[in-house]
Amino acid sequence: MKTVLIIEDERNLSNIIKKHLRQEGYNVLQEFDGQKGLLTVKQQNPALIILDIMLPVMDGLEVCKQIRTESTVPILMLTAKTEEIDRIIGLELGADDYLTKPFSIRELLARIRAIFRRIEMVKKQSQLAQTEIIEIQDLYIHTADRVVKVSGRTVSLTMMEFDLLFLLASHPGRVFNRDYLLEHVWGYKCTSYERSVDNCILNLRKKLGKDSKAAANILTVWGMGYKFKGIN
Ligand code: CA
């Protein structure tokens with residue numbers, strides 16, 4: 001049974017989420033402030049974390065940052081303010097997905113399912129496929145270990161950033177539109193989240209290093225989407 005940790009100080013909301021997650025067969029833990037949440041992450045090693053931003057003691061952005069220093073556990077952030085979205089996806093915090101309040105429980109459950117589906121998919125792919133190594137100029141990708149290096153420097157990526165980079169780099173020259181990327185990397189069809197793709201690309205380029213060939217090879221195709229530059 002997968003354990004989901006809810007870090008959310010609005011008890012009513014937390015309890016509603018808990019009830020529905022239990023119905024879906026998840027084991028559910030609850031914490032109501034950031035610091036205790038962080039502690040529970042370390043002690044209980046949950047399979048997924050639902051993390052609110054506005055939290056007492058330590059806010060969700062800080063909690064997310066700290067979790068990411070040692071874990072790649074999927075994090076779904078909750079935010080009450082649309083202006084926080086840019087901070088969630090722009091600040092290299094490494095959240096995997098986010099929802100703005102108010103959201104429907106159905107939407108939340110769909111997102112969680114999508115995240116777990118992606119993890120399963122990745123697991124199966126890495127079990128089936130022989131280890132694949134992609135080397136294009138200064139970029140090195142080891143698929144089984146999910147390791148990315150640029151000029152020998154290891155780059156720490158979130159799940160989605162890795163999958164996005166792998167998809168692009170394994171098909172140099174092919175243009176992927178945002179819809180396709182949302183469906184195949186994020187796991188859901190919802191065009192209103194196209195901005196997530198753009199922000200993920202932005203973070204990827206930043207993490208790969210502004211002066212790297214790897215970053216320069218991720219090209220924006222205006223009006224269409226993105227591609228990894230074909231290398232002749
Ligand atoms: Ca809150």
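**Exercises around a calcium site**

Aspartate 52 is buried, its relative accessible area being just 2%. Keep that in mind as you work through this predicted model.

**Exercise 1.** Work out whether Asp52 counts as buried or exposed.

*Solution.* Start with the cut-off: buried means under 20% relative accessible area. Asp52 comes in at 2%, so this aspartate is buried. Then zoom out: buried residues make up 50% of the 232 residues in the protein.

**Exercise 2.** Find the protein donors of the calcium ion and their spacing in sequence.

*Solution.* Look around the ion first. Asp9 and Asp52 each donate through OD, while Met54 uses its O. These donors lie 2.1 to 2.3 Å from the calcium ion. Next, go along the chain: the donor residues follow the pattern D-x42-D-x1-M.

**Exercise 3.** Decide how the protein's compactness stands against a globular protein of that length.

*Solution.* Take stock of the elements: you'll find nine helices and 12 strands. The radius of gyration is 18 Å, close to the 17 Å from the globule rule for 232 residues, so the protein is as compact as a globular protein of that length. For the dimensions, the C-alpha trace spans about 60 × 35 × 30 Å along its principal axes. Now check the contacts with a separation of 6 or more: 59% of them join residues 24 or more positions apart.

**Exercise 4.** Describe the exposed surface and the charges of the protein.

*Solution.* The protein exposes about 11800 Å², with carbon and sulfur atoms supplying 49% of that area. As for charges, there are 33 positive and 29 negative ones, and their mean positions sit 3 Å apart.

Definitions and conventions
Residues numbered from 1 in each chain as written. Predicted model: local features only at pLDDT ≥ 70, side-chain atom pairs only at ≥ 80, totals over all residues. Heavy atoms only, no water. Helix = DSSP H or I, 4+ residues; strand = E, 2+ residues; numbered from the N terminus. Rg over C-alpha atoms; globule rule 2.2 N^0.38 Å. Buried < 20%, exposed > 50% of the residue type's maximum accessible area, 1.4 Å probe, protein only. Contact = heavy atoms within 4.5 Å. Areas by Shrake-Rupley, 256 points an atom, 1.4 Å probe, with all protein chains shown as cover. Lys, Arg positive; Asp, Glu negative; His and termini not counted. Charge placed at Lys NZ, Arg CZ, Asp CG, Glu CD. Donors = N, O, S within 2.8 Å, 3.2 Å for Na, K, Ca; no water.
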